[in-house]
Amino acid sequence: MKTVIIHGQSHKGSTYHIAHGLAEKIGGELTEFFLPKDFGEFCLGCTNCFVESEKKCPHYEALNPITQAMDAADVIILASPVYVYHATGPMKAFLDHYGYRWMVHCPEESMFKKQGVCIATAAGAGVKSTLKDMADSLFFWGVAGIYQYGLGIAATDWDSVDAKKKAAIEKKITAIANKIVRKNGRVVPGLKTKGMFNIMRMMQKNGWNERDVSYWKEKGWTENKRPWKT
């Protein structure tokens, strides 16, 4: 198995330790990226990725190593601490660059056979909205199986987290890892994802964006082919 973690911060705090611990339990090959160290550009809103090609994005070359790692992975983990009730700015800026991959545009076919995890921690509140910031992208990318784990740790660093809470975290990430390993290679999208795909499929039959329409037709998705089927 191949796992990639996109960390929404460059320091190794509680969110890092939980995400990294989960990946270790999953096993196999692990690749990690730290934002903004490994990618820190803001989307410019030029729309080149939508109307021409993602290769026309001014940040394509800088982003491509992460894109390739995600495409090659079986599991994608998005991890962010809570910053003012939401994901970090670097995480949001990173996800903004993949708007062209949402199902309404040109989703990457391999995503429909992957599993994804969103992890968020806070000293207090805000994990729900932070998880949603990341889970929205996983869902609209078409990721077949999505897990979420967020918690208030009542601490500002990993060393200060209560021992009982660490034990509970260990139990939770073990359970998630076991599910991921069990489903590896045979995960399929749920009804919600398939339903959204079919709505987008109908839209693309008479779509307004030439690039999107051509992409869906070339994939055969406007007819009988589906990305989650071999």
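Here are some short exercises on this predicted model, each with a worked solution.

Residues are numbered from 1 along each chain as its sequence is written, and side-chain values use heavy atoms, with hydrogens and water left out. Local features need pLDDT of at least 70 and side-chain atom pairs count only at pLDDT 80 or more, while totals for chains, interfaces and linings use all residues.

**Exercise 1. The largest pocket**

Find how much space lies in the largest pocket and describe its lining.

*Solution.* Start with the terms. On a 1 Å grid over the protein atoms alone, a pocket is an open set of points where a 1.4 Å probe fits, with protein on both sides within 12 Å along at least five of seven lines; lining residues have an atom within 4 Å of a point. Grid points are joined across faces, edges and corners, and the volume is the space filled by probe spheres set on the points.

- Step 1: the space in the largest pocket comes to about 230 Å³.
- Step 2: its lining has 20 residues, and Cys 43, Cys 49, Cys 57, His 97 and Tyr 100 lie nearest the centre.
- Step 3: helix H2 (48–51) and helix H3 (60–72) are the elements that give two or more residues to this lining. Helices (H or I, at least four residues) and strands (E, at least two) are DSSP runs, numbered from the N terminus.
- Step 4: sorted by class, the lining holds 12 nonpolar, six polar and two charged residues. Here Ala, Val, Leu, Ile, Met, Phe, Trp, Tyr, Cys and Pro count as nonpolar, Asp, Glu, Lys and Arg as charged, and the others, Gly among them, as polar.

**Exercise 2. The largest nonpolar core**

Identify the residues with the most contacts inside the largest nonpolar core, and the elements that supply it.

*Solution.* A nonpolar core is a set of buried Ala, Val, Leu, Ile, Met, Phe, Trp, Tyr and Cys residues joined through side-chain atoms within 4.5 Å. Buried means under 20% relative accessible area, exposed over 50%, and partly exposed in between (1.4 Å probe, protein chains only).

- Step 1: this core has 28 residues, and Ile 6, Ile 66, Met 70, Met 91 and Phe 94 have the most contacts inside it.
- Step 2: at least two core residues come from each of strand S1 (2–7), H3, strand S3 (75–81), helix H4 (89–96), strand S4 (115–122) and helix H5 (127–141).
- Step 3: H5 gives the most, with five residues.
- Step 4: take Phe 94 and leave aside its neighbours within four places in sequence; Phe 94 is then in contact (heavy atoms within 4.5 Å) with Ile 6, Leu 35, Phe 39, Leu 63, Ile 66 and Met 70.
- Step 5: a second, separate core has 23 residues, including Ile 77, Ala 79, Ala 155 and Val 161.

**Exercise 3. Aromatic pairs**

Classify the ring pair of Tyr 98 and Trp 141, and say where its two members sit.

*Solution.* Rings of Phe, Tyr and Trp (its six-membered ring) pair if their centres lie within 6.5 Å; planes under 30 degrees apart count as stacked, over 60 as edge-to-face and the rest as tilted.

- Step 1: the whole structure yields 14 aromatic pairs.
- Step 2: the ring centres of Tyr 98 and Trp 141 are 5.6 Å apart and the planes stand at 70°, so this pair is edge-to-face.
- Step 3: Tyr 98 is in the loop between H4 and S4 and Trp 141 is in helix H5, 43 residues apart, so the pair links distant parts of the chain.
- Step 4: Tyr 98 is buried at 0% relative accessibility, and Trp 141 is buried at 1%.
- Step 5: Thr 67, in helix H3, is in contact with Tyr 98 and Arg 101 once its neighbours within four places in sequence are left aside. Thr 67 is buried too, because its relative accessible area is 9%.

**Exercise 4. Unusual backbone angles**

Locate the cis peptide bond, then give the positive phi values of Thr 47 and Ala 154.

*Solution.* Most residues other than glycine have a negative phi, and most peptide bonds are trans.

- Step 1: the cis bond joins Leu 35 and Pro 36, with omega about 0°. Pro 36 is in the loop between strand S2 (29–34) and H2.
- Step 2: Thr 47 has a phi near 65° and belongs to the loop between S2 and H2. With a relative accessible area of 39%, Thr 47 is partly exposed.
- Step 3: Ala 154 has a phi near 55° and lies in the loop between strand S5 (145–152) and H6. Ala 154 counts as exposed because its relative accessibility is 62%.
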